[in-house]
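Thanks for coming, everyone. Let me put the chain on the screen and walk you through it.

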Amino acid sequence: MKKVIYSLVLLLFSINGYSQGHYSGSSFNPNDYFAPHEGIIIPVWYGFANMNYYNGQGKKTDQLINNFSGNPNSLTIKQNVKTDSYILMAIYGGKGKILNANWGMMLIPMVNSPTASIALDYYSQQTGAGTYNFTNKTVGLGDMYIQPIWLSWKDGNFQYALNYGVWAPTGKYEPNSLDNGGHGYWSQNIRVAVKYKPAPKINVSAAHTLEINHWQKKTDFKEGTHLTFDMGGSYVLNSRGDEIGVFGHYTTQISDDKGTEGSKLSDQVGGVGGFVSYWIIPKKLGAMARITQNFSAENRFAGTAIQTGLNILIPTSKEEH
């Protein structure tokens, strides 16, 4: 197993699920776009997010303007949404090479209380002006992320990665319901990434993620496509592999929503954050904590998210990598 703790964080732990679409930036730490070394990794995480709604001028507000089908109406909303998330992930680092690349697979089922993105979906379906309060605190199954293609190549001090994953609508979804746990549609994530190692203890990486959303079930709505640019860096503190790092992202909507229930409003958001990882038992059990703060949000929820958890590493061969 690799010496630096594998620091993958639940995608929805970060700010995803507190925005529009499934994926959002800074969901991974800087090294986590690249396939893990051979073995099994079981991350167990808790996340908390505190989100507020920001309008098209980037101002925090209780007023949400719907302009579906060219018929605007104003809603007064309880715009602060707090979310608890619980995750048990399964990550596999494969043996040998595929196309001369290290490879792996990832599965992320999740359990959470309703996210700000689900609250925004509820608010945006209200067709009449008035005051609305999203008060649901139910904890249930959310949408699941499956990444069957996870390839990375190494060339000197550089690494390159190609990832493909899908968000499956496993969470409960009914139109205009306060009890939803998912978005009610599939999303495809296509990601390319590059990492540079300027010194033995330093890594710098950048990634682009294209998210293509599909039609929402039981509605006439298709979320627009989003493009996210992530970048960050990490520093290995000691021979044990304890690590600190920083990251940032910018997400923007690059195509319009579709359908009679789609909005003419496009959204964007940026974010910055940092993480620290520590080996409790070197190469077997590690702990991590991270924080992300959004900025420059328009027509979406944004705020602060924190995560903490454990990573359990299980080698699949006697040889240490």
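How much area does the chain expose, and what share do carbon and sulfur atoms supply? About 13,100 Å² is exposed, and carbon and sulfur supply 62% of it; areas are Shrake-Rupley with a 1.4 Å probe, and for residues only the protein chains shown count as cover.

A word on sources. This is a predicted model: local features need pLDDT of at least 70, side-chain atom pairs count only at pLDDT 80 or more, and totals for chains, interfaces and linings use all residues. Residues are numbered from 1 along each chain as its sequence is written, and side-chain values use heavy atoms, with hydrogens and water left out.

Now the fold. We have 1 helix and 18 strands (DSSP runs, H or I of at least four residues, E of at least two, numbered from the N terminus). Of 321 residues, 54% are buried (under 20% relative accessible area, 1.4 Å probe, protein chains only). Take contacts, heavy atoms within 4.5 Å, between residues at least 6 apart in sequence: 69% join residues at least 24 apart.

Next, the largest nonpolar core (buried Ala, Val, Leu, Ile, Met, Phe, Trp, Tyr and Cys joined through side-chain atoms within 4.5 Å). It has 24 residues; Tyr 33, Ile 87, Met 106, Ile 108 and Ala 193 touch the most other members. Strands supplying at least two residues each include β6 (102–108) and β16 (268–281). A second, separate core has 6 residues, among them Ala 49 and Val 81.

Last, Asn 311, in strand β18 (300–314). Asn 311 counts as buried because its relative accessibility is 0%. Its side chain makes a polar contact with the side chain of Trp 45, at 3.4 Å (N or O atoms within 3.5 Å, one able to donate a hydrogen and the other to accept it; sequence neighbours count only if both atoms are side-chain atoms).

Definitions and conventions
Buried < 20%, exposed > 50% of the residue type's maximum accessible area, 1.4 Å probe, protein only.
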